[in-house]
Amino acid sequence: MISPDSIKVVAEGVGIASLKDEVAEALAPDVEYRLRDIVQEALKFMRHGRRDVLTTEDVNYALRLRNCEALYGFG
């Protein structure tokens, strides 16, 4: 689902100018796995809150559960 081109665009956005194609191809499945994991955890928070709409707070709780930095600017 996540293409190596997407990985290269994000890498350029954070300051990595020349990411090799092989590296982007290796990172794409790992990034997809981690995103799926975060979304699944966020959906659990949504269901436990008895809500039908996934909120940014659900994603923040899922990120905190995985010891990741929360999203800023959304609430």
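Start by selecting I16, which sits in the loop between α1 (4–13) and α2. You are looking at a predicted model, so keep that in mind as you go along. Colour I16 by accessibility and you will find a partly exposed residue, with a relative accessible area of 43%.

**The nonpolar patch**

Keep I16 selected and add V10 and V14. What do V10, V14 and I16 form on the surface? Together they make a nonpolar patch, with about 290 Å² of accessible area between them.

**Into helix α2: E32 and R36**

Now move on to helix α2, which covers residues 21–48. Select E32 and R36, both in this helix and four residues apart, about one turn. Show their side chains and look for the salt bridge: the closest N and O atoms are 3.0 Å apart. Is E32 buried or exposed? E32 is buried, at 18% relative accessible area, because the cut-off for buried is under 20%. Its partner R36 is partly exposed, with a relative accessible area of 44%.

**Further along the helix: E41 and K44**

Stay in helix α2 and select E41 and K44, which are three residues apart, again about one turn of the helix. Their side chains meet in a salt bridge, with an N to O distance of 3.4 Å. Here, too, the two partners fall into separate classes: E41 is buried, with a relative accessible area of 11%, whereas K44 is partly exposed, with 42%.

**On to D58 and R51**

Next, select D58 together with R51. How far apart are the closest N and O atoms of this salt bridge? The distance is 2.7 Å. Switch on a surface and D58 counts as buried, at 1% relative accessibility. R51, on the other hand, is partly exposed, with a relative accessible area of 32%.

**A shared network**

Which residues are joined into one network by salt bridges that share partners? Select D37, E41, K44 and R66 to see them. You have already met E41 and K44 as a pair in helix α2, so simply add D37 and R66 to that view.

**Before you close the viewer**

How many salt bridges does the structure hold? There are seven, and this tour has stopped at some of them, including E32 with R36, E41 with K44 and D58 with R51. For a last view, go back to V10, V14 and I16, the nonpolar patch on the surface.

Conventions
Residues are numbered from 1 along each chain as its sequence is written. This is a predicted model: local features need pLDDT of at least 70, side-chain atom pairs count only at pLDDT 80 or more; totals for chains, interfaces and linings use all residues. Side-chain values use heavy atoms; hydrogens and water are left out. A salt bridge is a side-chain nitrogen of Lys or Arg within 4 Å of a carboxyl oxygen of Asp or Glu. Helices (H or I, at least four residues) and strands (E, at least two) are DSSP runs, numbered from the N terminus. Buried means under 20% relative accessible area, exposed over 50%, partly exposed in between (1.4 Å probe, protein chains only). Patches are made of residues with over 30% relative accessible area and no salt bridge: like charges are joined within 9 Å, nonpolar side chains (Val, Leu, Ile, Met, Phe, Trp, Tyr) within 5 Å. Accessible areas come from the Shrake-Rupley method with a 1.4 Å probe; for residues, only the protein chains shown count as cover.
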